[in-house]
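Please open the model in your viewer and keep the selection tool at hand. The tour goes from one selection to the next, and each stop says what is there.

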Amino acid sequence: MMRYILTMLGMISLPSALAAQTSPADEDAAWSIAIHGGAGTIKRENITPEKDAEIRAALAKALETGSKILRDGGSAMDAITATIMVMEDNPNFNAGKGAVFTWDKTNELDSSIMDGSDRSAGAAAGINGTKNPILLARAVKDKSPHVMLSGAGANQFSREQGLEQVSPDYYATSRRLEQIERVLAKEVSAKDIDYKFGTVGAVAMDSNGNMAAGTSTGGMTGKRWGRIGDSPIIGAGTYADDRACAVSATGSGEYFIRVGVAHEICTRIRMRWPVAIEEAQKTVPKDADGNYTYAIHASEFMLSDEDVQKIADSVIGEMGDLGGTGGIILATPWGQTIYSFNTPGMYRGRADSEGEKSVGIYGDE
């Protein structure tokens, strides 16, 4: 992708941290998507080769689901919805099937979704009974006057919308039951159990340049008193704005809420962009009268991968300074997909219209 070339009467050299967009024809076809399935103390020595292969296959399946929708010209909203549903149906992740248990050995699931084109959003917190919580978040966005519903009311709304319902035992897996039994027996603390966060999420940019983000989780093992983390909170665990980026987070939710991680990253990108344009304009040659020979327009300009990565890493670093751990996936209006996490690993993957297609688990890949 010719991200770092600006064409005008000849070639103008810009600072390496700045870049220009592709041609309009390329932009029309461009799309990108990134996914995560949790972050934490994920190390090779703690995962068997069989489980490693199983998780990579699950990530690849989810990634291909969203990629196909985007390749076929589908919307970012449809792509991330379908992608997250695949991960909600897979017991390897802490979302939908395989969600963790509360202190009372129940399941309370959270989800959210946001459309960057108009910043409409929907979220559900502390729910059960809905097979795919991301569909409930989308229904809240599309079919209610509200942004967030919770508990019994959200469950009622789900049923009224005709979303597929399941019995309480649907979410249970032997691994999750063992985890909560160990916590209740005081063999380990909930913090020790949650060394690996299995929240799932997806972000995307479609061929029309629209962006979307979504997140779904079972929350924290042994959570009490109706605890709600960052995943259903717009601006903390999920945010999308066509002017800047789409973000989905995973990790220690209380810290993501305190920093407002998802919104903070998008805001810094949006604020950095016009400053970068001004900096680039100063590199354009001037004529004999001292006037710039070419005006750099916003429509042909983008931030570099390095700029975007620094912004994401900075916000995650600030959260880490407070004691929080976890990570984010990010997509930009210029087709970039970025990861940032302060844990040893994060289940993740990304793909785009230029042929990128990869999944990862550990921090060194």
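What covers the buried residues of α4? Bear in mind that this is a predicted model, and begin by selecting helix α4, which spans residues 133–143. The elements that cover its buried residues include the helices α3 and α5 (151–160), together with the strands β3 (109–115), β4 (120–127), β5 (148–150) and β7 (211–217). Eight of the 11 residues of α4 are buried, so that the helix is mostly covered, and if you colour these residues you will be marking P133, I134, L136, A137, R138, A139, V140 and K141.

Before going further, show the whole protein. Its secondary structure comes to 10 helices and 14 strands, and of its 365 residues 55% are buried. If one takes the contacts between residues at least 6 apart in sequence, 70% of them join residues at least 24 apart.

Now keep α4 on display and add helix α3, residues 76–88. The two helices pack with their axes 8 Å apart and at an angle of about 150°, and α3 and α4 are therefore roughly antiparallel to each other. On the α3 side of this contact, select M77, D78, T81, I84, M85 and E88, which meet P133, I134, L135, R138 and K141 in α4.

Next, leave α3 in view and select helix α2, residues 49–71. The axes of α2 and α3 come within 8 Å and cross at roughly 160°, and this pair is therefore also described as roughly antiparallel. The crossing in which α2 passes α3 is right-handed. Which residues of α2 meet α3? They are K61, A62, T65, G66, I69 and L70, and the residues they meet in α3 are A76, D78, A79, A82, T83, V86 and M87. An α-helix has 3.6 residues a turn, so residues three or four places apart point the same way.

For the next stop, hide the helices and select the strands β8, β9, β11 and β12, which form an open sheet in that order with antiparallel pairing. The edge strands are β8 (238–241) and β12 (337–341), each of which pairs on one side only, and from one strand to the next the twist averages 10°. Within the sheet, look at β9 (residues 245–251) and β11 (residues 326–331), which run antiparallel and are joined by six bridges; A246, for instance, has A331 in β11 as its bridge partner. Then bring back helix α10 (residues 305–322), which packs on the sheet, where the helix touches β11 and β12 and makes about 25° with the direction of β12.

Finally, stay with strand β9 and select C245 together with C266. How many disulfides does a search of the whole structure find? The search finds one, and it joins C245 to C266 with an S to S distance of 2.2 Å. The pair links distant parts of the chain, since C245 lies in strand β9 and C266 in helix α9 (residues 261–281), 21 residues apart. The torsion about the S-S bond is about -115°, so the disulfide is left-handed. Are these two cysteines buried or exposed? Both C245 and C266 are buried, so a cutaway or transparent view may help in showing them, where buried means under 20% relative accessible area.

Note on methods. Residues are numbered from 1 along each chain as its sequence is written. This is a predicted model: local features need pLDDT of at least 70, side-chain atom pairs count only at pLDDT 80 or more; totals for chains, interfaces and linings use all residues. Side-chain values use heavy atoms; hydrogens and water are left out. Two strands pair if DSSP finds at least two bridges between them. Helices (H or I, at least four residues) and strands (E, at least two) are DSSP runs, numbered from the N terminus. Axes are lines fitted to C-alpha atoms, for helices over the stretch in contact, and angles run from 0 to 180 degrees between N-to-C directions. Contact means heavy atoms within 4.5 Å. A disulfide is a pair of cysteine sulfur atoms within 2.5 Å. Buried means under 20% relative accessible area, exposed over 50%, partly exposed in between (1.4 Å probe, protein chains only). Angles under 35 degrees count as roughly parallel, over 145 as roughly antiparallel, 65 to 115 as roughly perpendicular and the rest as oblique. A crossing is left-handed if the near helix is turned anticlockwise from the far one by less than a right angle, and right-handed if clockwise.
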